[in-house]
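Reader: I would like a close look at a single part of this model, followed from one residue outward to its surroundings. Please take your time over it and keep the account connected.

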Amino acid sequence: MRSRKNSTGKREQVTDVLKGVLAWAVVSVLGFLYWMAVLLLASIFLMNIWKISIERLLTYGICLSIITSVVYAGMRIYRKFH
């Protein structure tokens with residue numbers, strides 16, 4: 001027979017994992033919005049120097065947000081196991 005304590009422990013683990021994945025997704029989206037805002041402001045301030053298209057800004061924003069997301073996930077995994 002299964003004990004109730006074991007099944008609730010697994011539920012808590014599942015909810016912890018889901019909360020972690022949801023937090024990672026939210027931070028990734030917020031990181032993308034942050035990088036896009038920074039890049040758009042930089043492109044406005046450097047209008048005469050930095051000739052750039054919106055497609056290039058999106059590419060830079062996506063690359064920077066991927067780097068931010070990977071670093072954030074690595075930090076969360078490191079904290080979980082250490």
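Author: I62 is found in helix α2, and in this predicted model the residue has a relative accessible area of 41%. Because that value lies between the 20% below which a residue counts as buried and the 50% above which it counts as exposed, I62 is described as partly exposed. I62 also belongs to a nonpolar patch on the surface, which it forms with L40, I54, L58, I66 and V70, and these residues together have about 510 Å² of accessible area. Helix α2, which covers residues 54–81, gives the most to this nonpolar patch, with 5 residues.

Helix α2 also takes part in the largest pocket, since both α1 (4–45) and α2 each supply at least two residues of its lining. About 270 Å³ of space lies in this pocket, and the residues that line the space are D16, V17, G20, V21, W24, A73, R76, I77, K80 and F81. Sorted by class, the lining has 6 nonpolar residues, together with 3 charged and 1 polar.

A further residue to consider is G31, whose place is in helix α1. With a relative accessible area of 11%, G31 is buried, because the limit for that term is under 20%. G31 can also be set beside S69: the two are 38 residues apart in sequence, while in space they are 7.5 Å apart, taken from C-alpha to C-alpha.

Terms used: Residues are numbered from 1 along each chain as its sequence is written. This is a predicted model: local features need pLDDT of at least 70, side-chain atom pairs count only at pLDDT 80 or more; totals for chains, interfaces and linings use all residues. Side-chain values use heavy atoms; hydrogens and water are left out. Patches are made of residues with over 30% relative accessible area and no salt bridge: like charges are joined within 9 Å, nonpolar side chains (Val, Leu, Ile, Met, Phe, Trp, Tyr) within 5 Å. Accessible areas come from the Shrake-Rupley method with a 1.4 Å probe; for residues, only the protein chains shown count as cover. A salt bridge is a side-chain nitrogen of Lys or Arg within 4 Å of a carboxyl oxygen of Asp or Glu. Helices (H or I, at least four residues) and strands (E, at least two) are DSSP runs, numbered from the N terminus. Buried means under 20% relative accessible area, exposed over 50%, partly exposed in between (1.4 Å probe, protein chains only). On a 1 Å grid over the protein atoms alone, a cavity is a set of points where a 1.4 Å probe fits but cannot get out, and a pocket is an open set with protein on both sides within 12 Å along at least five of seven lines; lining residues have an atom within 4 Å of a point. Grid points are joined across faces, edges and corners, and a volume is the space filled by probe spheres set on the points. Ala, Val, Leu, Ile, Met, Phe, Trp, Tyr, Cys and Pro count as nonpolar, Asp, Glu, Lys and Arg as charged, and the others, Gly among them, as polar.
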